[in-house]
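This briefing is meant for a reader meeting the structure for the first time. Please look over the sequence and the model below before going on to the points that follow.

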Amino acid sequence: MRKVNPGLWTAAVLALGLIAWEMAAAAGHVDPFFFSRPSLIWAEFLEMLDNGTLALHLSVTAKEAGLGLLLGSVLGTLTGLALGVHPRLSRAVMPLMTGLNGLPKLALGPLLIIWFGIGLKSKVVMSALMVFFIFAFNLFSGVRSVERELITAVELLGGTRRQVMTKVIWPASLPWLLTSLRTGLGLSISGAIVGEYLGAGKGMGWVLAAASQRYDVGRVLCCVAVIVCIVVLLDGVVRLLEHRLLRWR
């Protein structure tokens, strides 16, 4: 018997859940004021799409998350590689990084607004902080996973430090980098939204905060659904990239 695509199972479960939700709301078992209903959420989505509200605020959040992902991934990758190839440095720095990673990023939000203002910079820094530690720890683990005997063999054959990095360490760390990217996509968006929620004039976080204050559950769930769909689509793109890069490697 031919295997069913897992995506079809996901779609079927989601469809059944939405149908059950709609029927329960129509029958009065679920109060739409508190939980809304799929038809109302869809109508809210069409309204936001038609009047340009969704495109405006989504573009702002996408810019903040994209810049945060870029900044956090570059700094995290360089930090992870540096700590991985320098054991003494890692023994001194890793405890500090572990402690900093344990800090709740939400608590740093007010400080970031004080330091960088209520505009773009504070949102990008918040997003970058959410991403940085994932890349740093994963790349550090990727470098440490390389067999020392392989590095020694390349050095005995006359390989330079640069060749060891580009021909041995970097290819071995590529799966860890792609795993970090998949995790970092969602975290970068979360960081941007958290920053907007704490203080902003536009963006999906601002829309969520404003809708929550008005008890507009339909708009809140509509924004949540849009964000989830975008993260799932981006994850699919990264999966495809991961498959091709690992096959090339």
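Leaving aside its neighbours within four places in sequence, which residues is Ile227 in contact with? In this model, which is predicted, Ile227 is in contact with Ile189, Ile193, Met204 and Leu208 once those sequence neighbours are set aside. The points below start from the core to which Ile227 belongs, and then turn to a buried serine in helix α9 and to two loop residues with positive phi values.

**Nonpolar cores**

- The largest nonpolar core has 14 residues, and within this core Met48, Cys223 and Ile227 are the ones that touch the most other members.
- Two or more residues of this core come from each of the elements α3, α4 (53-85), α9 (161-198), α10 and α11, and the greatest contribution is that of α11, which gives four residues.
- Apart from this core there is a second, separate one of 12 residues, whose members include Phe135, Leu139, Leu177 and Leu178.

**Ser188 in helix α9**

- Ser188 is part of helix α9, and it counts as buried because its relative accessibility is 2%, where the limit for a buried residue is under 20%.
- Neighbours within four places in sequence again being left aside, the residues in contact with Ser188 are Ala65, Leu69, Ser127 and Val131.
- Ser188 and Val124 are 64 residues apart along the chain, and a distance of 8.7 Å separates their C-alpha atoms.

**Two loop residues with positive phi**

- Ser36, although it is not a glycine, has a positive phi of about 55°, and its place is in the loop that runs between α2 (32-35) and α3 (38-50).
- Tyr215, also a residue other than glycine, has a positive phi near 55°, and it is found in the loop between α10 (204-213) and α11 (217-248).
- Is each of these two residues buried or exposed? Ser36 counts as buried because its relative accessibility is 2%, whereas Tyr215 is exposed because its relative accessible area is 62%, and the cut-off for exposed is over 50%.

**A nonpolar patch at the surface**

- Tyr215 joins Phe33, Phe34 and Phe35 in making a nonpolar surface patch of about 530 Å².
- Among the members of this patch, Phe35 lies in helix α2, while Tyr215 belongs to the loop between α10 and α11.

Terms used
Residues numbered from 1 in each chain as written. Predicted model: local features only at pLDDT ≥ 70, side-chain atom pairs only at ≥ 80, totals over all residues. Heavy atoms only, no water. Buried < 20%, exposed > 50% of the residue type's maximum accessible area, 1.4 Å probe, protein only. Patch = residues over 30% accessible without salt bridge, like charges linked within 9 Å, V, L, I, M, F, W, Y side chains within 5 Å. Areas by Shrake-Rupley, 256 points an atom, 1.4 Å probe, with all protein chains shown as cover. Salt bridge = Lys/Arg side-chain N within 4 Å of Asp/Glu carboxyl O. Core = buried A, V, L, I, M, F, W, Y, C linked by side-chain atoms within 4.5 Å. Contact = heavy atoms within 4.5 Å.
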